[in-house]
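Q: Could you take a close look at one part of this protein for me, the second helix and what surrounds it? I'd like a connected walk-through that I can follow with the model open on my screen.

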Amino acid sequence: MNTRFYKIFVAFFFLLTFNLSHAQQNDAAKCRYTKTNYGYLMVLREGDNVLELIEKLAKEQNIPSANFTGIGFAQDATFGFYDFGEKKFHPKTFNKVEMGSITGSIAWSGDKPSIHMHGVATDNKFDAYGGHILGLKVGTGSMEIYITVNSEKLERKVEQPLNANVLQLPCLK
């Protein structure tokens, strides 16, 4: 009787392990973006690095330039306040927050996408934090990013005296 119980337990354990592994593979294989009439819709999931995935999409789809908005839950949101005297960001990370608003743009710096993102996050006390986003990881739930693609390729270049990456616009004729 003990041997039979052990065999059933082992079979059940392997079946459970296989199903969990298969579910994780299915989650990893889920689409992170789809094409829309105006550009793309991204639905990101827990643990996804938002800046990396927007950059990856820009490269894969050769997006000339775009603007985006978004909402969702963040495991970690790192904001940076730019100190013009020191010419650098002072970062601060907030954990387990809801992104009430994300907005930004996609341009290029040489052959690499340049993402500029700002946002507002709220915690469980409804305190709000906001500014330039240096890092953003999706928390429990999801994050939706709506990307509107522009036809013209835009570049960013470091300008002095700010030492900041500034969007360059073509002059109107």
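A: Happy to: what follows begins with the overall layout, settles on the helix, and then moves out through its neighbours.

Please keep in mind that this is a predicted model. The protein has two helices and eight strands, and along the sequence they come in the order α-β-β-α-β-β-β-β-β-β. Of its 173 residues, 31% count as buried. Among contacts with a separation of 6 or more, 62% are between residues 24 or more positions apart.

Now to the helix itself. H2 covers residues 50-60, and its buried residues are Val50, Leu51, Leu53, Ile54, Glu55, Leu57 and Ala58. Do notice Glu55 in that list, a buried residue along with Leu53 and Ile54. What do these buried residues pack against? Their partners are strands E1 (33-35), E2 (39-45), E3 (65-83), E4 (88-109), E5 (112-122) and E6 (128-150).

Both ends of the helix deserve a look. At the start of H2, Asn49 places a side-chain oxygen within 3.3 Å of the backbone nitrogen of Leu51. After the helix comes Asn62, which has a positive phi, near 50 degrees. For background, most residues other than glycine have a negative phi.

Just ahead of the helix in the numbering is Asp48, whose side chain makes a polar contact of 2.8 Å with the side chain of Arg32. Arg32 belongs to the loop between helix H1 (2-29) and E1. Is Arg32 buried or exposed? Arg32 counts as buried, because its relative accessibility is 17% and the cut-off for buried is under 20%. In the same stretch of numbering you will find Cys31, which is exposed at a relative accessible area of 63%. Cys171 is exposed as well, at 72% relative accessibility, and the model has zero disulfides.

Moving on to the strands that pack against H2, the aromatic residues are a good guide. The count of aromatic pairs comes to five. One of them is Tyr33 with Tyr40: the ring centres are 5.9 Å apart and the planes stand at 80 degrees, so this pair is edge-to-face. Tyr33 is partly exposed at 27% relative accessibility, whereas Tyr40 is buried at 6%. Another edge-to-face pair is formed by Tyr82 and Phe89, with 5.0 Å from centre to centre and 70 degrees between the planes. Here Tyr82 is the buried partner, with a relative accessible area of 15%, and Phe89 is partly exposed at 31%. You can also pick out an aromatic cluster made up of Phe79, Phe94 and Tyr129.

Tyr40 has a further neighbour: the charged end of Lys35 sits over its ring, 4.8 Å from the centre. A similar arrangement to look for involves Lys153, which lies over the face of Trp108 at 5.0 Å from the ring centre.

Next, see how some of these strands are joined. E3 and E6 pair in the antiparallel sense over 14 bridges, and one position to check is Asn67, whose bridge partner in E6 is Thr148. E3 and E4 also run antiparallel, joined by 16 bridges; along this pairing, Ala74 stands opposite Val97 in E4.

The hairpin of E3 and E4 has four residues between the strands, and one residue to inspect there is Lys87, with a positive phi near 60 degrees. Lys87 lies in the loop between these two strands and is partly exposed, at 35% relative accessibility. Further along, Lys96 has a positive phi too, near 50 degrees. Lys96, however, is found in strand E4, and it counts as exposed at 75% relative accessibility.

One last stop lies beyond the strands that pack against the helix. The peptide bond from Gln160 to Pro161 is cis, with omega near 10 degrees. Pro161 sits in the loop between strand E7 (155-159) and strand E8 (164-168). As a reminder of the usual pattern, most peptide bonds are trans.

To come back to your helix: the buried residues of H2 pack against E1, E2, E3, E4, E5 and E6, with the Asn49 oxygen at the start of H2 and the positive phi of Asn62 after the helix.

How values were computed: Residues numbered from 1 in each chain as written. Heavy atoms only, no water. Buried < 20%, exposed > 50% of the residue type's maximum accessible area, 1.4 Å probe, protein only. Contact = heavy atoms within 4.5 Å. Polar contact = N/O pair within 3.5 Å; in protein donor to acceptor, adjacent residues only side chain to side chain. Phe/Tyr/Trp six-rings, centres within 6.5 Å; stacked < 30°, edge-to-face > 60°. Lys NZ or Arg CZ within 6 Å of the ring centre and 35° of its normal. Pairing = 2+ DSSP bridges. Disulfide = S-S within 2.5 Å.
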